[in-house]
Amino acid sequence: MGCGDYPAFASAQSSRYKRAVLASDRLYIRACYRQPTPRPPVWFMRQAGRYMVEYRDLKDRAGGFWGLCTHAEYIAEATLFAQRALQVDAAIIFSDITMPAWGMGMALDFAPGPCFPTPIRTRSDVAALATLDPVRKLPFLMDGIRQTRAGLSDDVSLIGFVGAPLTLAGYMIEGKPSPHWLALKQLAYGDPDLMHALLVRVSDAVIAHAQAQVEAGCDALQLFDTTAGDLAAPELYEYAFAYAARVIDGLRGTGVPITYFARNVGAHLEQAADVGAHVLGVDWSVKLDEAFERVGDRVAVMGNLDPAALFLPETAVLERGRALLAVAGHRPGYIFNLGHGVLPETPVSNVKKLAAMVRQAATA
Ligand code: 1CP
């Protein structure tokens, strides 16, 4: 029941408490906590993006990606447009994982992927990083969250996000997206002390950044560890999982459910489930029934349609979606999503139809 049912009682509570009461009834939040839901919630990673003409137009109006990421009204418009177009159960705030590094003093460009012209390579580079004050450095994002929340209906969740320390540090070291992450690996494998020193600084920043997003109105968080599975197994544990766990520990006080999404870690799913998140995002390298079996009742599971499947004819897309629902739809703690983000050329109508199919799925 929402706090609006008890106005006198609710008005005596802090606004944070009121928000938590409202959030607790949302389909997405209930699924994160593995509570029963009439159907699985659905949203899509990268649901606001280049595959939508309205996104491309908005980016032009904003003068490019940077303008989009640094103005509250554009942030809110990009976030809200995607949620409304797809009628999904959660919006994810429009931003990029690299913004906190900019807030720590690193010059940042997008071309179209993030580009740091002066990457982190030495001890003095790490020492020169500022401590992130997200409210002061990224006020447009916090305002964007408030505007987005005001524009969402009460039953829709708003997910805040951060890069997991290893993935964000990877971009800071490499300077840009990289096929082999050689600079990252040279530092991670060759100078563990420096790598740990950087990861400690990045962890503090992403904890502060995620906390500020919850304060501004997000009712859930997601940690993206897109690069984790590129590391050798010992370092996957030492740098990716260990620091993801550190961040999740630091965020317990927020009281919101946290999703850990790591790519290419199918061989280590049990350990990924052990980082302490409420939800584990699974890519398409693992069969969904196997994922449920391997993580047991420790976490909810999100995933895991291959984004490339959205390029199939509509009937085939829906068939693949139904196959996932058949495996997982009746279990508590299942969130329908892709195994990674929506790809740029994806046919929008297939994404809409897939969301509609999940919304209509009664599993009770
Ligand atoms: O040209 C453009 O229009 C920019 C494309 C774009 C977009 C739409 C970038 C550059 N970032 C984003 C937004 C974004 N990034 C969101 C919010 C939108 C949503 O999900 O609806 C999120 C959650 C991210 C997070 C992000 N950025 C990750 C982790 C998640 C993932 O998809 O792997 C990573 C690795 C980045 C880096 C990044 N930012 C942009 C690019 C092109 C890249 C390189 C990696 C890639 O292409 O996937």
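Let's start inside the protein, at helix α11: its buried residues are P165, L166, T167, L168, A169, G170, Y171, M172, I173 and E174. That makes ten buried residues out of ten for this helix, which spans residues 165–174. Right after α11 comes G175, with a positive phi of about 95 degrees. One thing to keep in mind from here on: this is a predicted model.

**The neighbourhood of α11**

Next along is helix α12, residues 182–190, where A183, L184, K185, L187 and A188 are buried. What do the buried residues of α12 pack against? They pack against α11, α13 and α14, the last of these covering residues 233–250.

Nonpolar side chains in soluble globular proteins tend to end up buried together. Here the largest nonpolar core has 135 residues, and the members touching the most others are W43, F44, M172 and Y260. Which helix gives the most to this core? It's α13, residues 192–216, with twelve residues. M172 is a name you've met already, as one of the buried residues of α11.

**Rings**

Now for the aromatics. A pair of rings is described by how far apart the centres are and by the angle between the planes. The model has 13 aromatic pairs. Take W102 and F140: the ring centres are 6.3 Å apart and the planes are at 50 degrees, so this pair is tilted, given that stacked needs under 30 degrees and edge-to-face over 60. The two residues come from distant parts of the chain, 38 residues apart, with W102 in helix α7 (residues 99–103) and F140 in helix α10 (residues 139–151).

Buried or partly exposed: where does each ring of this pair fall? W102 is partly exposed, at 25% relative accessible area. F140 has 13% relative accessibility, so it counts as buried, the cut-off being under 20%.

Both also belong to an aromatic cluster made up of Y55, F65, W66, F94, W102, F110 and F140. W102 has a charged partner too: the charged end of K137 sits over its ring, 5.7 Å from the centre. Elsewhere, R331 lies over the face of F292, at 4.5 Å from the ring centre.

**Salt bridges**

Side chains of opposite charge can pair up when their charged atoms come close. There are eleven salt bridges in this structure. Here are some of them, with the N to O distance for each.

| Pair | N to O distance |
|---|---|
| R61 and E77 | 2.8 Å |
| R146 and D143 | 2.8 Å |
| E314 and K353 | 3.2 Å |

The R61 and E77 salt bridge links distant parts of the chain, 16 residues apart. R61 is in helix α4 (residues 53–61), while E77 is in helix α6 (residues 72–86). R61 counts as exposed, at 52% relative accessibility, whereas E77 is partly exposed, with a relative accessible area of 32%.

R146 and D143 are a more local affair: both lie in helix α10, three residues apart, about one turn of the helix. An α-helix has 3.6 residues a turn, so residues three or four places apart point the same way. Both partners are partly exposed, R146 with 44% relative accessible area and D143 with 34%. Helix α10 is also where F140 of the tilted ring pair lies.

What about E314 and K353? E314 lies in helix α17 (residues 314–328) and K353 in helix α18 (residues 348–360), so their salt bridge ties together parts that are 39 residues apart in sequence. E314 counts as partly exposed at 33% relative accessibility, and K353 does too at 37%. There's also a network: salt bridges that share partners join E270, E290 and R294.

**Stepping back**

How does the whole thing look? The protein has 18 helices and nine strands. Its C-alpha atoms fill a box of roughly 55 × 45 × 40 Å along the principal axes. A compact globule of 364 residues would have a radius of gyration near 21 Å, and the protein's 20 Å agrees with that.

Of those 364 residues, 56% count as buried. Among contacts between residues at least 6 apart in sequence, 73% join residues at least 24 apart.

Terms used
Residues numbered from 1 in each chain as written. Predicted model: local features only at pLDDT ≥ 70, side-chain atom pairs only at ≥ 80, totals over all residues. Heavy atoms only, no water. Core = buried A, V, L, I, M, F, W, Y, C linked by side-chain atoms within 4.5 Å. Buried < 20%, exposed > 50% of the residue type's maximum accessible area, 1.4 Å probe, protein only. Helix = DSSP H or I, 4+ residues; strand = E, 2+ residues; numbered from the N terminus. Phe/Tyr/Trp six-rings, centres within 6.5 Å; stacked < 30°, edge-to-face > 60°. Lys NZ or Arg CZ within 6 Å of the ring centre and 35° of its normal. Salt bridge = Lys/Arg side-chain N within 4 Å of Asp/Glu carboxyl O. Contact = heavy atoms within 4.5 Å. Rg over C-alpha atoms; globule rule 2.2 N^0.38 Å.
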